Amino acid sequence: MKRSLAALAAVTLLSLTGCATDEPAATPSGSASSAAGSGTGEQSKFFVQADYDKELALLGATPTGPADKPWEQVLDPKMVETTKFRKAGPHKICFSNAALNNPWRQVGFKTMQAEVEAQKSRISEFVHVDAEGKDQKQIADINDLLGKDCDALLVSPNTTATLTPAVEAACRAGLPVVVFDRGVDTDCPVTFINPIGGYGFGHVGAEFVSQRMKPGGKLLALRILPGVDVLETRWSAAKVAFDKAKVDVVGVEFTDGDPAKTKKIVNDYLQRHGSIDGVWMDAGAVAVAAVEAFQDAGKPVPPINGEDQLDFLKLWKERNLTAIAPTYPTYQWRTPVLAALRILDGQPVSSPWKLPQPTITQENLDQYLDPGMPPLHYAMCGCTDLPGYPQRWK
């Protein structure tokens, strides 16, 4: 169970400058040192076959819960009792946040703030502390919050192993703890909330790209950084698909989430190989930069996966790309607030609480395009019914 929680934790990105991570997993390449045809290398130490099998099965599962509220839905629910945490409201909810250092987290936090506002009759105070992508700061933040008379503690951990003792200390203090987004190596929180997870994300993108490449084609894998559970599981699932399809993976490169670095990497590979026949990414924040690198070089854009960031969706539509967008929905930021309130009511909740993880395809692309929202907005915010929409997210 502990390994399952860690392996399935999600992501999205850590601070891309000066951030702390867990020890890097064994990865197939570092930077531009990847040799032509070097393939996918050794499997990540984060790979757990049983968890991989479970996530792929969940991709086709039917969730329980309101059809129009995916943030309240649950896949394969496993309910736990919470009566010992029942408490009269209104409540003080505290939140230890890993960071607000990228658009995904910023959109998510705005969604969480709006959910808190929507629950203002039940929440007397909401305390948010930003760890700025630093493990030691988040450990200190959690310790500080333990003395703030919080009724419930929400935690989105900066990294998995390093934050585990701090979360365990919060559990020992008697607080109901709700972990979401990324996981920890303990099952002491009342619940752990995230979508299906990294294996599902990585598999969907890799299957799509590999099936649309020409036989024997060359693929470039673009990653963010090593050692983060959700990114490692995304890559490890992609590796399984690429090995099965016998794709020629000519490079596995870390971009640090930097558009300029992404363009340089793609350009270097185009100069080295003449053409690239597929691009897979473990996160979509720099997908537009990758596409632009092909365009700048006068080369056709190959099959590629991005994410539900609107700049990529709009470019996909405009350029008629061969693309897919597995998602890690920002609507998950609503769920911890709702879970905390249910727990404080003494109502059962699912543990883990697995949310649906929709995929954007050519067939449903139009329904996620919103020309009125900024380029770095995420289509899966689940926020259109919340106070302040759309101005809060602009």
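These are my notebook entries on the salt bridges of this predicted model.

**Entry 1, the whole structure.** I searched the whole structure for salt bridges and found 22. I then looked up several of them one by one.

**Entry 2, Asp151 and Lys87.** I found the side chains of Asp151 and Lys87 joined in a salt bridge, with 2.3 Å from N to O. The two residues stand 64 apart and link distant parts of the chain, Asp151 being in the loop between α4 (135-145) and β4 (152-156) and Lys87 in the loop between β1 (79-80) and β2 (91-97). I noted Asp151 as buried because its relative accessibility is 11%, whereas Lys87, with a relative accessible area of 42%, is partly exposed.

**Entry 3, Arg334 and Glu115.** Here I read 2.6 Å between the closest N and O atoms of the salt bridge that Arg334 forms with Glu115. Arg334 lies in the loop between β11 (323-326) and α11 (335-344), while Glu115 belongs to helix α3 (residues 103-118), so this pair ties together parts 219 residues apart in sequence. I recorded both Arg334 and Glu115 as buried.

**Entry 4, Lys214 and Asp277.** For the salt bridge between Lys214 and Asp277, I noted 3.9 Å between the closest N and O atoms. This pair also links distant parts of the chain, 63 residues apart, with Lys214 in the loop between α6 (198-212) and β7 (218-223) and Asp277 in the loop between α8 (259-273) and β9 (278-281). Lys214 counts as exposed, because its relative accessibility is 51%, whereas Asp277, at 14%, counts as buried.

**Entry 5, a network.** Last, I looked up Arg105, Asp181 and Arg182, and found that a network of salt bridges links them.

Terms used:
Residues numbered from 1 in each chain as written. Predicted model: local features only at pLDDT ≥ 70, side-chain atom pairs only at ≥ 80, totals over all residues. Heavy atoms only, no water. Helix = DSSP H or I, 4+ residues; strand = E, 2+ residues; numbered from the N terminus. Buried < 20%, exposed > 50% of the residue type's maximum accessible area, 1.4 Å probe, protein only.
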